[in-house]
Amino acid sequence: MKKIILILSFLTITVSVFAQNDIQLSQQINNRIVFNPAATGQSGCYNFTLLDREQWTGIKDAPSTQLFNFNKYFKTAKIGIGLTMIYDRLGVERSLNAKATIAYHAWLTDQMVLSFGIGAGIINKTLNGNELTYESSLTDPHALVSQKSKLSPDFDFGIEYNWKGLNIGASATHLITGLKKATTFKVPRHFYAYAKYAIKVSPSVEITPALSWSNVAKVHMIEINATTLIKDRVMAGLSYRVNDAVVLMAGIKLIDQVRLSYSYDIKMGSMKYGNTKGSHEVMLLCRFGCSNDNSLHPRFFN
């Protein structure tokens, strides 16, 4: 019974915070392509991202997320293509989301670009009741002990505007499922908006304040953050998700092609007390085969 209560508590807390249908990332502003297909094609390089997030560590069956992304910009066609795969676990729930993205980049000037992107793929959600421990007083426990899985199509749309150090975007994910049609196996529509601006303080120091907003149904999540980049090699940042958590971020360029970053969430909301030791997120970003044209998103820590 305790395990059932724990799982229900997870679900209740998560729905009240962000519905946990789309994953929550501490380094979300640097993973825009996951939520906005218009961000596909961040550079002319072959861009690869690997990410692992362990949420509410110290609590059994807490959320765990793994992410893989590939994307590249093709200058001649003015398009970016990408592939994203996300595995998410929360208690007895498993979710696998795979989608391909494509974005068209309309160059308004040599420094200003407006991008439009779409994403299409599948979501497979599985609930495994066999992992639960039931009270013997249940009328028919065998009716609940089962594994159910459902595969559904998934579509996203977004726009993004870039001009020098300014980046503004908006998107909607899971377009075909409105809130009324959402179920355990059908993810409801989510909305995102963000803006950030890179300020060149000196030839070797750049500060980037950012603001992002996420929404599902009547739940809104606002995040304010700022990062400092030194010599395009070392990054440090601080983020605040309103009424949820304070996030510490740090990153380093190991070699020209590889960057490693880490973030730690200090919980401020419903899970502030108890056994949780916060949330950890590690991201590895690799870039290979870069073209000589760096006109699109040249910052490695972008």
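This report walks through the fold, the disulfide, two sets of paired strands and one buried glutamate.

## The model and its numbering

This is a predicted model, where local features need pLDDT of at least 70 and side-chain atom pairs count only at pLDDT 80 or more, while totals for chains, interfaces and linings use all residues. Residues are numbered from 1 along each chain as its sequence is written, and side-chain values use heavy atoms, with hydrogens and water left out.

## Overall picture

The protein chain contains two helices and 15 strands; helices (H or I, at least four residues) and strands (E, at least two) are DSSP runs, numbered from the N terminus. Of its 302 residues, 49% count as buried. Here buried means under 20% relative accessible area, exposed over 50%, and partly exposed in between (1.4 Å probe, protein chains only).

The accessible surface comes to about 14,400 Å², and carbon and sulfur atoms account for 65% of that. Such areas come from the Shrake-Rupley method with a 1.4 Å probe, and for residues only the protein chains shown count as cover. Take the contacts (heavy atoms within 4.5 Å) between residues at least 6 apart in sequence: 54% of them join residues at least 24 apart.

## The disulfide

You will find one disulfide in the structure, a term that stands for a pair of cysteine sulfur atoms within 2.5 Å. The partners are C45 and C290, with an S to S distance of 2.0 Å. C45 sits in the loop between α2 (32–35) and β1 (46–54) and C290 in the segment after β15 (279–288), so the bond ties together parts that are 245 residues apart in sequence. The torsion about the S-S bond is about 110 degrees, which means the disulfide is right-handed.

The two ends differ in their surroundings: C45 is buried at 5% relative accessible area, whereas C290 is partly exposed at 42%. Another cysteine, C286, is buried, with a value of 14%.

## Strands β1 to β3

Strand β2 (residues 64–74) is largely enclosed by the rest of the structure, because eight of its eleven residues are buried. β2 pairs with β1 in the antiparallel sense over eight bridges; two strands pair if DSSP finds at least two bridges between them. In this pairing, R53 has T65 of β2 as its bridge partner.

On to β3 (residues 79–90), which pairs with β2 in the antiparallel sense over eleven bridges. K72 is matched with I81 of β3. Four residues separate β2 and β3 in their hairpin, and K78 in the turn has a positive phi of about 60 degrees.

## Strands β11 to β13

β12 has antiparallel partners in both β11 (residues 219–230), over eight bridges, and β13 (residues 245–255), also over eight bridges. L238 is the bridge partner of A226, and I252 is that of V234. Each pairing is a hairpin with three residues between the strands: K231 has a positive phi of about 55 degrees in the β11–β12 turn, and N243 one of about 60 degrees in the β12–β13 turn.

Side chains alternate along β12 (residues 234–241): M235, G237, S239 and R241 point to one face and are buried, while V234, A236, L238 and Y240 point to the other and are not.

## A buried glutamate

E281 belongs to strand β15 and is buried, with a relative accessible area of 0%. The E281 side chain makes a polar contact with the side chain of R53 at 3.0 Å, and reaches the backbone nitrogen of S26 at 2.9 Å. A polar contact is a pair of N or O atoms within 3.5 Å; within protein, one must be able to donate a hydrogen and the other to accept it, and residues adjacent in sequence count only if both atoms are side-chain atoms. Not counting residues up to four places away in sequence, E281 touches several others, including Q24, L51, D52 and Y262.
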